[in-house]
Amino acid sequence: MTTPTTSRFSFGPWNISEGADPFGPEVRRTFPHEKKFGFYRSLGFEGVQLHDDDAVPDLDSVAPSQIESKAKTLGSLLEDEGLVTEFVAPRLWFSEKTVDGAYTSNSAADRAYAWERTMKSIDIARALNCKALVLWLSREGTYIRESKNARLAYERLLDVVNRILEYDEQIEVWIEPKPNEPTDQAYVPTIGHAIALAYASKAPGRVKGVIESAHAILVGLDPSDEMAFALAHGKLASVHLNDQNGLKYDQDKNFGAANLRGAFNQVLVLEENGYGSRGEFVGLDVKTMRTQKGFPVIDHLKTSREIFLLLVEKTRTLDRSLVEKCRAERDYEMLEAYIMRHLLGAKQP
């Protein structure tokens with residue numbers, strides 16, 4: 001067991017979500033974007049996750065000469081609130097030019113747009129004193145496999161990673177895998193794919209991964225195993241904790257709400273491997289329920305942070321000698337019974 005760390009928490013302004021519902025009317029009024037940052041510290045968060053256009057709105061219409069100054073304006077606001085930027089991510093899924101992929105589009109003009117947007121994102125990160133660029137490769141995939149040359153697509157993804165590393169020699173590239181949505185089948189569905197790109201890159205030490213609980217569940221994997229794999233390779237840059245009720249759309253449920261034991265195992269693997277000791281954030285990518293009223297709604301963030309910390313306490317009070325005894329004797333029935341009683345706070349025999 002490593003020395004316990006004090007967790008630092010982060011979330012993105014999109015997690016104080018609007019009330020839009022694709023299947024019905026809005027249930028909440030829009031909350032002003034710039035006012036969301038005032039909630040972070042009171043909720044126990046100090047890290048801010050940003051898309052490029054969270055930092056510089058209407059980025060595509062902003063003159064290049066103005067991008068740095070606009071980003072620094074936000075940087076001053078965050079500093080006044082006692083906040084730091086965890087990462088910046090290029091938003092490459094809302095433009096008409098990225099409908100069929102950004103870096104893997106069949107259109108050279110669309111790929112050029114994606115690279116231009118990526119450079120702007122790096123410039124924004126630099127202006128915010130942020131050393132991480134997250135690539136959520138949302139539309140890098142297909143609806144039918146015949147629509148793209150898959151090997152060429154992977155080569156193009158690796159080329160983009162290398163171009164980022166060359167464009168800024170300080171930036172780290174954090175790849176966030178997801179198996180589907182909005183594409184039917186993504187090219188980088190798991191952390192293993194992301195780490196393979198890292199090792200193939202020109203600077204493997206600066207390419208890492210971000211694991212979101214729900215994304216791992218959507219591909220049929222255990223998030224704690226994905227985290228362990230990344231940790232074993234020194235490649236777990238950040239986590240986006242939430243929960244997921246089965247194989248369906250990305251739900252971003254409260255952490256531990258659907259599978260508390262699964263959440264416990266995620267916290268356990270992070271705790272046992274010293275996650276956070278190098279300053280890594282515990283990101284919470286959770287959204288409130290579609291039915292929830294309020295202005296704004298922030299309880300889901302408080303709840304998920306509380307659940308995480310309660311599970312941290314469960315990991316730190318785990319009887320590890322008993323766990324090792326059960327492992328040595330291959331008595332997994334006893335081990336499971338102990339774990340369940342421990343989680344329920346029940347008396348052990």
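**Exercise 1.** Which residue in E10 is the bridge partner of Leu241?

*Solution.* The model is predicted: local features need pLDDT of at least 70 and side-chain atom pairs count only at pLDDT 80 or more, whereas totals for chains, interfaces and linings use all residues. Residues are numbered from 1 along each chain as its sequence is written, and side-chain values use heavy atoms, with hydrogens and water left out.

Step 1. Strands (E, at least two residues) and helices (H or I, at least four) are DSSP runs numbered from the N terminus; two strands pair if DSSP finds at least two bridges between them.

Step 2. Strand E9 (residues 236-241) runs parallel to E10, with three bridges joining them.

Step 3. The partner of Leu241 in E10 is Leu284.

**Exercise 2.** Determine which strand besides E9 pairs with E10, and whether the faces of E10 are buried or exposed.

*Solution.* Step 1. Strand E1 (residues 8-11) is parallel to E10 and joined to it by three bridges; Phe9 has Val282 as its bridge partner there.

Step 2. Buried means under 20% relative accessible area, exposed over 50%, and partly exposed in between (1.4 Å probe, protein chains only).

Step 3. In E10 (residues 281-284), Phe281 and Gly283 on one side are buried, as are Val282 and Leu284 on the other, so that both faces are covered.

**Exercise 3.** Locate Asp58 and characterise its backbone and accessibility.

*Solution.* Step 1. Asp58 occupies the loop between helix H2 (52-55) and helix H3 (64-80).

Step 2. Its phi is near 55°, a positive value in a residue other than glycine.

Step 3. Asp58 counts as exposed because its relative accessibility is 60%.
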